[in-house]
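Good morning, everyone, and thank you for making the time. Please have the sequence and the model open in front of you, and I will walk through one part of the fold with you.

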Amino acid sequence: MKKVTGIGGIFFKCDDPQKMKDWYAQHLGLPMDAYGTTFKWRDTDDPTKEGTTVWGAFDKNTTYFEPSKKDFMINYRVENIEELVEELKHNGVTILDDIAVYDYGKFVHILDPEGNSIELWEDMGNRSL
């Protein structure tokens, strides 16, 4: 069973998310929306499949990364999230919530051995560029 297939997103806390997004847009040319920016890419095994990686700035007071005390969270793209969660539970990994399902994907949060919150994401479809 495939587990992690790539990085789905990199998220970090900052004092002023809008100022940070504006700076990255102005100086590094990143196109921004409400969530940050999305990098699109093609799957090397099947170039008809599009993938995305999100870069997102969060307010320093966000509780979204909890219970982690770190100022960042990495989102990993996975396959078969339900099976993976069952395997992780069996292996004693801390699962923080139930799998949430949206039209753009399934999400669940886990903790690594140092208490870092990790977001797992299964994309819900094959979108083309």
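I would like to begin with strand S7, where seven of the seven residues are buried, so the strand is largely enclosed by the rest of the structure. Please keep in mind throughout that this is a predicted model. If you look at the two faces of S7 in turn, you will find both of them covered, with Ser117, Glu119, Trp121 and Asp123 buried on one side, and Ile118, Leu120 and Glu122 buried on the other.

Where does S7 sit in the sheet order? The sheet is open and has seven strands, arranged as S2-S3-S1-S4-S7-S6-S5 with mixed pairing, which places S7 between S4 and S6. At the edges are strand S2, residues 37-42, and strand S5, residues 100-102, and each of these has a single partner strand, so one side of each is left without a neighbour in the sheet. On average, and ignoring direction, neighbouring strands of this sheet are turned by 20° against each other.

Let me now take the two partners of S7 separately. On one side, strand S4, which covers residues 72-78, pairs with S7 in the parallel sense over four bridges, and within that pairing isoleucine 74 has isoleucine 118 in S7 as its bridge partner. On the other side, strand S6, residues 105-111, runs antiparallel to S7, residues 117-123, and seven bridges join the two; here phenylalanine 107 stands opposite tryptophan 121 in S7. S6 and S7 together form a hairpin with five residues between them, and in the turn glycine 115 has a positive phi of about 85°.

Staying with S6, I would point you to histidine 109, which lies in that strand. Is histidine 109 buried or exposed? Its relative accessibility is 9%, and because the cut-off for buried is under 20%, histidine 109 counts as buried. Its side chain is joined to that of tyrosine 64 by a polar contact of 3.4 Å. Beyond its neighbours within four places in sequence, histidine 109 is in contact with several residues, including Met73, Thr94 and Asp97, and also with Ser117, Ile118 and Glu119.

Finally, elsewhere on the sheet, helix H1, residues 17-28, lies across strand S1, residues 4-14, and strand S3, residues 50-59, running at about 130° to S3.

How values were computed. Residues numbered from 1 in each chain as written. Predicted model: local features only at pLDDT ≥ 70, side-chain atom pairs only at ≥ 80, totals over all residues. Heavy atoms only, no water. Pairing = 2+ DSSP bridges. Axes fitted to C-alpha atoms, helices over the stretch in contact; angles between N-to-C directions. Contact = heavy atoms within 4.5 Å. Buried < 20%, exposed > 50% of the residue type's maximum accessible area, 1.4 Å probe, protein only. Polar contact = N/O pair within 3.5 Å; in protein donor to acceptor, adjacent residues only side chain to side chain.
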